[in-house]
Amino acid sequence: MMSTISLFPPDALPAPDTDATDLQLGPGAWVLRGYALDYVDRVLTQLRQIRRQSPFRHMVTPGGYTMSVALTCCGAAGWTADRKGYRYAAIDPETGQPWPAMPDVFLALARQAAEHCGYAGFAPDSCLINRYVPGARLSLHQDKDETDFCAPIVSVSLGMPAMFQFGGLKRSDRPEKIPLFHGDIVVWGGPDRLRYHGVMALKDNPHPLLGSNRINLTFRKTG
Ligand code: MD3
Ligand code: FE
């Protein structure tokens, strides 16, 4: 792969090593179809441990809404929402204990996918794990609770398919719809890092491994 100067953004774009099965969504965003398939068994084994330690829960937003998507986390920092706002914190407020450690296989998968898209040296300190059942959705939002917007976000989709909405930098920009399937990875960085995005209400299309569930892992560098 060609080397890039690390002045990004806006001086240099990543030098991706993407191939014909990759779908480019923007100057810094790619869908890697099936990229996680070889990792699924190991990822699900680790996920069973994580959810035993820090169970899935439905966060209540500062506005008082209970999210339809259930969440847990692993890594040095986890994401929480309460009346006071959204933030990353080292302690899971449900258990009073640190979030489960990030498994090596999670880190390896996220790093490899980021590098494939030209983001070498991705070092996430947090993985948010979302669980969707039929009807669950995530309304259009930006991910801006992190402090380092130079690092990309890597997302791994498992289980039932979802219709992802990829908008612009303004909430009013009409989003594009992209289906995401079991094993797909999406990498977002650079000029696409702050685009609005969401997930439409899930239809019930049971998956052989995960039944009527969709799991999404998002890897972030929070600090
Ligand atoms: C585009 N999760 O947890 S991942 C989230 O499928 C979240 O559960 C969705 O959005 C899910 O915040 C979508 C894809 C994603 C994640 C971060 C992004 C897309 C993004 C940041 C910028 C632009
Ligand atoms: Fe998001």
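1. Strand S13 gives the most to the shell around ligand 1, with four residues. S13 spans 214-220. Bear in mind that this is a predicted model.

2. S13 has company. Strands S6 (126-132), S7 (138-141), S8 (153-159) and S12 (197-199) also supply at least two residues each to the shell around ligand 1.

3. The shell holds 18 residues. Those that come nearest to ligand 1 are Tyr132, Trp188, Arg193, His197 and Arg214. By class, the shell is evenly split: six nonpolar, six polar and six charged residues.

4. Which side chains place an N or O atom 2.5 Å, 2.8 Å or 3.1 Å from an oxygen atom of ligand 1? Tyr132 does so at 2.5 Å. Arg214 follows at 2.8 Å. For His141 the distance is 3.1 Å. The ligand is also well covered: on its own, ligand 1 has 500 Å² of accessible area, and the protein covers 97% of that.

5. Where does ligand 1 sit? The space taken by ligand 1 is the largest pocket. This pocket contains about 990 Å³ of space.

6. The lining of the largest pocket counts 43 residues. Met67, Leu138, Ser139, His141 and Asp143 are the ones nearest the pocket centre. His141 therefore deserves a look from both sides, as a residue nearest that centre and as one whose side chain has an N or O atom 3.1 Å from a ligand 1 oxygen.

7. The strands of the shell return in the pocket lining. S6, S7, S8, S12 and S13 each supply at least two lining residues, and so do S5 (85-89), S9 (162-166) and S11 (185-188).

8. The class make-up of the lining is 20 nonpolar, twelve polar and eleven charged residues.

Methods: Residues are numbered from 1 along each chain as its sequence is written. Chains are lettered from A and ligands numbered from 1 in the order in which they are written. This is a predicted model: local features need pLDDT of at least 70, side-chain atom pairs count only at pLDDT 80 or more; totals for chains, interfaces and linings use all residues. Side-chain values use heavy atoms; hydrogens and water are left out. A residue is near a molecule or strand if one of its heavy atoms lies within 4 Å of it. A polar contact is a pair of N or O atoms within 3.5 Å; within protein, one must be able to donate a hydrogen and the other to accept it, and residues adjacent in sequence count only if both atoms are side-chain atoms. Accessible areas come from the Shrake-Rupley method with a 1.4 Å probe; for residues, only the protein chains shown count as cover. On a 1 Å grid over the protein atoms alone, a cavity is a set of points where a 1.4 Å probe fits but cannot get out, and a pocket is an open set with protein on both sides within 12 Å along at least five of seven lines; lining residues have an atom within 4 Å of a point. A molecule sits in a cavity or pocket if more than half of its atoms lie within 2 Å of its grid points. Ala, Val, Leu, Ile, Met, Phe, Trp, Tyr, Cys and Pro count as nonpolar, Asp, Glu, Lys and Arg as charged, and the others, Gly among them, as polar. Grid points are joined across faces, edges and corners, and a volume is the space filled by probe spheres set on the points.
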